[in-house]
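Subject: Structure handover

Hello,

Here is the structure I said I would pass on. My notes on what turned up in it follow below.

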Amino acid sequence: MKKTIFLLLFTLFVGITITNAQDLTEKDVPAPVMTAFKKKYPSATDTKWKKTKNGKLEADFKVSDKKAEAKFSPEGTWLESKQRIGKAQVPAKISDYVKKNYAGYEIDKTEFQEESKDNKKEYEVIIKKDQLKEELKFDAQGNFVKKKDKKDKKEQKEG
């Protein structure tokens, strides 16, 4: 019985250690990744690194006191980024769309997202009215693309 309990505790300890092993210190980040990151985000502060399940290196950091995230391949290729932006940085076309199509809603949070694949750029806007929240996607020019539904959120969490 003692052996069983010991094995369970040991397995739990190893499992926790492996899970936490994904967090990286700056010295553990490959030099090409650090070079690419510093070139793309020279003003980044409070940077924390981790290795994702699929081997990508992810930096969580701040730019101008706004949260941001960037992913790189282990070879240093920039893959994608997300950066929180303030209401003043939201294109007027997006604000106008929300006012026209979502009366009484206000913009709560906005992220600007970029992907190297297909050079994709878009805005993700969360709007709210009382307890109601909606998540909208706009292209780089501020044109409405789609309303994100619960299925999209589930897929995003799984991915």
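In which loop does Asp130 lie? Asp130 sits in the loop between strand E7 (120-129) and E8. Please keep in mind throughout that this is a predicted model.

I raise Asp130 because of its backbone: its phi is near 55°, a positive value in a residue other than glycine, and the residue is exposed, with a relative accessible area of 72%. Ser64 is a further case, with a positive phi of about 50° although Ser64 is not a glycine. Ser64 belongs to the loop between strand E3 (57-63) and E4, and at 65% relative accessible area Ser64 is exposed.

Overall layout

The protein chain has four helices and nine strands. Read from the N terminus, the order of elements is α-β-α-β-β-β-β-α-β-β-β-β-α. The chain has 159 residues, of which 31% count as buried. Its accessible surface comes to about 11300 Å², and carbon and sulfur atoms account for 53% of that. Taking contacts between residues at least 6 apart in sequence, 33% join residues at least 24 apart.

Salt bridges

The structure holds 11 salt bridges. I went through some of them.

Lys38 and Glu26 meet through their side chains in a salt bridge, at 3.9 Å from N to O. This pair links distant parts of the chain, 12 residues apart: Lys38 is in helix H2 (residues 31-40), while Glu26 is in the loop between strand E1 (23-24) and H2. Both residues are partly exposed, Lys38 with a relative accessible area of 49% and Glu26 at 47%.

Asp108 and Lys133 form another salt bridge, with an N to O distance of 3.7 Å between the side chains. Asp108 lies in strand E6 (residues 106-115) and Lys133 in strand E8 (residues 132-139), so the bridge ties together parts that are 25 residues apart in sequence. Asp108 is partly exposed, at 24% relative accessibility.

The side chains of Lys121 and Glu114 also meet in a salt bridge, at 4.0 Å from N to O. Here the partners fall on either side of the line for burial: Lys121 is partly exposed, with a relative accessible area of 36%, whereas Glu114 is buried, at 19%. There is also a network in which salt bridges that share partners join Glu122, Glu124, Glu135, Lys137 and Lys148.

Glu114 is found in strand E6. Leaving out residues up to four places away in sequence, Glu114 touches Lys40, Trp78, Leu79, Glu80, Ser81, Lys120 and Lys121. The last of these, Lys121, is the salt-bridge partner already mentioned.

Strand E4

I looked at two residues of this strand, Ala68 and Lys71.

Ala68 is in strand E4 (residues 66-72). Is Ala68 buried or exposed? Ala68 is buried, with a relative accessible area of 8%. Beyond its neighbours within four places in sequence, Ala68 is in contact with Ala59, Asp60, Phe61, Lys82 and Gln83. For Gln83, the C-alpha to C-alpha distance from Ala68 is 4.2 Å, with the two residues 15 apart in sequence.

Lys71 counts as buried too, because its relative accessibility is 18% and the cut-off for buried is under 20%. With neighbours within four places in sequence set aside, Lys71 is in contact with Lys56, Leu57, Glu58, Thr77, Trp78, Leu79 and Glu80. Trp78, Leu79 and Glu80 also appear among the residues that Glu114 touches. Lys71 and Glu115 are 44 residues apart in sequence, and their C-alpha atoms are 9.5 Å apart in space.

Surface charge

Which residues gather in a patch of positive charge on the surface? The patch is made up of Lys48, Lys62, Lys67 and Lys109. Of these, Lys109 is found in strand E6 and is partly exposed, with a relative accessible area of 37%. Strand E6 also holds Asp108 and Glu114, both discussed above under salt bridges.

Regards

Definitions and conventions:
Residues numbered from 1 in each chain as written. Predicted model: local features only at pLDDT ≥ 70, side-chain atom pairs only at ≥ 80, totals over all residues. Heavy atoms only, no water. Buried < 20%, exposed > 50% of the residue type's maximum accessible area, 1.4 Å probe, protein only. Contact = heavy atoms within 4.5 Å. Areas by Shrake-Rupley, 256 points an atom, 1.4 Å probe, with all protein chains shown as cover. Patch = residues over 30% accessible without salt bridge, like charges linked within 9 Å, V, L, I, M, F, W, Y side chains within 5 Å. Lys, Arg positive; Asp, Glu negative; His and termini not counted. Charge placed at Lys NZ, Arg CZ, Asp CG, Glu CD.
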